[in-house]
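Grab a coffee and open the viewer. Here are some exercises to work through with the structure in front of you; try each one before reading its solution.

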Amino acid sequence: MKTYRYVIVGGGMAADAAVDGIRERDPHGSIALVSAERFPPYKRPPLSKALWHDYRLERTFLKPSAAELGVDEHLGQAVTALDRAAHTVTLASGAQLRYERLLLATGASPKQLPFGEGVIYYRTMADYLRVRAAAKEGRRAVILGAGFIGCEMAAALRQSGLETAMVFPERHLLERLLPADLAAHVTAYYREKGVELHAEDVPVAVERAGDGFRVRTRAGRELAADLVLAGLGVRPNDGLAHEAGLRVEDGVVVDSRLQTEDPDVFAAGDVARFPLDALGGELVRIEHEDNAKSQGRLAGRNLAGAEEPYTHTPFFYSDLFNLGFEAVGVLDARLSTVADWKDGFRKGVVYYLDDAGHVRGVLLWNVWDAVPKAEAVIREGRPAGGVEALKGRI
Ligand SMILES: Cc1cc2nc3c(=O)[nH]c(=O)nc-3n(C[C@H](O)[C@H](O)[C@H](O)COP(=O)(O)OP(=O)(O)OC[C@H]3O[C@@H](n4cnc5c(N)ncnc54)[C@H](O)[C@@H]3O)c2cc1C
């Protein structure tokens, strides 16, 4: 059995960044990266955005030459067991690797419906290649769910010339995230772009029909489709950690150094539940790129002995046709909001506040290069001068 100084479980952006973090402090320690996917680490956000425009597939791959960094990649192989006492992981093939220090960067997996063979739960490069091959102009796609993935894929497919319909239980797109008036605005914008929207409805069956599918809904609709995609949210891949007896609470719980209660096991990215410094150490789990990259890197440094706390405040972003935004902190439409619009819904800032009047999140709608200012407002907690004084801050 081969022993590595570092074993990274997972092959996403957090895993990739961890390699960089390790190499910043330890140029020669042996590294194994084990990924269930058959592709080496790649950027996930372009799968629903740039790759549908002019971005080349090769550019999504993060380290074309892992071997040069001394990384043994074990691709297309899930880790099926972690034995913390023996310091080993077991791969699906039955092979075992021994580690000195381990990173769990296993990310998250899409939630699935209890029915519907052939539904694509959009997450991976393999999903992109499959949808790309099937997404011919004039074909018809039905998208289930109106969160980020559903909205981004509806825009991507519509812009590629497909007839696109969405089915979702809320009244408006992105309703769980955006204030009601903005969500209504985005919904009207999608209709203008020719996306057929079936709000306040849910699928009850997805059946094969000829070469395609038929989606039946609770409201009695029958929607024909060549392609059915779903974006229904994700669950953290924390099963390995749970079975190994680590603390798991909708994600692997880590401290500010991204270390679990086992000093040799760390977690980073979508799978990690960690104390967010800007919110006074509240435990959160974040499903976004910036967090995966910055946490992955810090976890790598700490695996290599750095012992540094994670104090970064991650941001996230999305592109929907020509709409774009960045956001920092917690965006939850159940919080109260203060909006500062500059030009209708074209450009503005929305502050999300909890019951105690503390700013927990900031949405920067078509407002760029303002992430540090947004972070400063969140760190301030309760805004000096009251909520009305927030207007004009960014
Ligand atoms: C289509 C799409 C678009 C997105 N767009 C944006 C965006 O615009 N902005 C933004 O901020 N975020 C975006 N995200 C979210 C962002 O991509 C994720 O937050 C990020 O990928 C998380 O990285 P990660 O490395 O933690 O996990 P993941 O990317 O989920 O990677 C985990 C990896 O571990 C592997 N794995 C899991 N279990 C095992 C196991 N037992 N053994 C071996 N390997 C395993 C998985 O196969 C996977 O390769 C998007 C996500 C998707 C799917």
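What follows is a set of tasks on a predicted model, each with a worked solution.

**Exercise 1. Find out how confident the predictor is, and where confidence is lowest and highest.**

Start with the overall score: the protein averages a pLDDT of 95. Next, check the spread, where 99% of the residues score at least 70. Then go element by element. Strand 21 has the lowest confidence, with a mean of 92, while strand 18 (residues 265-267) has the highest, at 99.

**Exercise 2. Lay out the domains and describe how domain 1 meets domain 2.**

First, list the pieces. The domain assignment gives domain 1 (2-109 + 235-303), domain 2 (112-230) and domain 3 (322-390). Now take the centres over C-alpha atoms: those of domain 1 and domain 2 are 30 Å apart. Then look at the contacts, where nine residues of domain 1 meet 10 residues of domain 2. Finally, sort the domain 1 side of that meeting place by type: five residues are nonpolar, two are polar and two are charged.

**Exercise 3. Describe the shell of residues around the ligand: which come nearest, and which elements supply them?**

Begin with the count: 36 residues surround the ligand, and Gly10, Gly12, Arg44, Gly107 and Gly269 come nearest. Sort the shell by chemistry and you get 18 nonpolar, 11 polar and seven charged residues. Now trace where they come from. Helix 1 (13-25), strand 2 (31-35), helix 6 (289-303) and strand 21 (315-320) each contribute at least two residues. At the level of domains, domain 1 and domain 2 each put in at least three.

**Exercise 4. Track down the largest nonpolar core and the surroundings of Val9.**

Some background to begin with: in soluble globular proteins, nonpolar side chains tend to be buried together. Here, the largest nonpolar core has 118 residues. The residues with the most contacts inside this core are Val7, Val9, Ala18, Leu103, Leu104, Val228 and Val362. Helix 3 (residues 148-159) gives the most to the core, with eight residues.

Now zoom in on Val9. Skip its neighbours within four places in sequence, and its contacts include Val34, Val79, Val89 and Leu240. The contact list of Val9 also holds Leu102, Leu103, Leu104, Ala105 and Thr106.

**Exercise 5. Look at the loop between strand 10 (163-167) and helix 4 (180-192). Are His172 and Leu174 buried or exposed?**

Take His172 first, which sits in this loop. His172 has 23 C-beta neighbours inside 10 Å, so it counts as buried. Who is around it? Ignoring residues up to four places away in sequence, His172 touches Ala183, Ala184, Thr187 and Ala199. Thr187 is 15 residues along the chain from His172, with 5.8 Å between their C-alpha atoms.

Leu174 is in that loop too. Count again: Leu174 counts as buried because it has 21 C-beta neighbours inside 10 Å. Check its backbone as well, and you'll find a positive phi, near 50 degrees. Most residues other than glycine have a negative phi.

**Exercise 6. Use neighbour counts to sort Leu51, Asp250, Pro263 and Lys342 into buried and exposed.**

You need the cut-offs here: 20 or more other C-beta atoms within 10 Å means buried, and 12 or fewer means exposed.

- Leu51, in the loop between strand 2 and strand 3 (71-75), has 20 such atoms, so it is buried. Beyond four places in sequence, Leu51 contacts Pro46, Leu57, Thr60 and Tyr128. Its C-alpha atom is 9.0 Å from that of Ala156, 105 residues away along the chain.
- Asp250, in the loop between helix 5 (239-243) and strand 17, has 11 neighbours and so counts as exposed. Asp250 also has a positive phi of about 50 degrees, though it isn't a glycine.
- Pro263, in the loop between strand 17 (252-253) and strand 18, counts as exposed because it has 9 neighbours.
- Lys342, in the loop between strand 23 (336-341) and strand 24 (348-353), has 12 neighbours, so it counts as exposed. Leaving out residues within four places in sequence, Lys342 contacts Lys347 and Gly348.

Technical notes:
Residues are numbered from 1 along each chain as its sequence is written. This is a predicted model: local features need pLDDT of at least 70, side-chain atom pairs count only at pLDDT 80 or more; totals for chains, interfaces and linings use all residues. A nonpolar core is a set of buried Ala, Val, Leu, Ile, Met, Phe, Trp, Tyr and Cys residues joined through C-beta atoms within 7 Å. Helices (H or I, at least four residues) and strands (E, at least two) are DSSP runs, numbered from the N terminus. Two residues are in contact if their C-beta atoms, placed from the backbone, lie within 7 Å. A residue is near a molecule or strand if its C-beta atom, placed from the backbone, lies within 6 Å of it. Ala, Val, Leu, Ile, Met, Phe, Trp, Tyr, Cys and Pro count as nonpolar, Asp, Glu, Lys and Arg as charged, and the others, Gly among them, as polar. Domain bounds come from an automatic or database domain assignment. pLDDT is the predictor's confidence in each residue, from 0 to 100.
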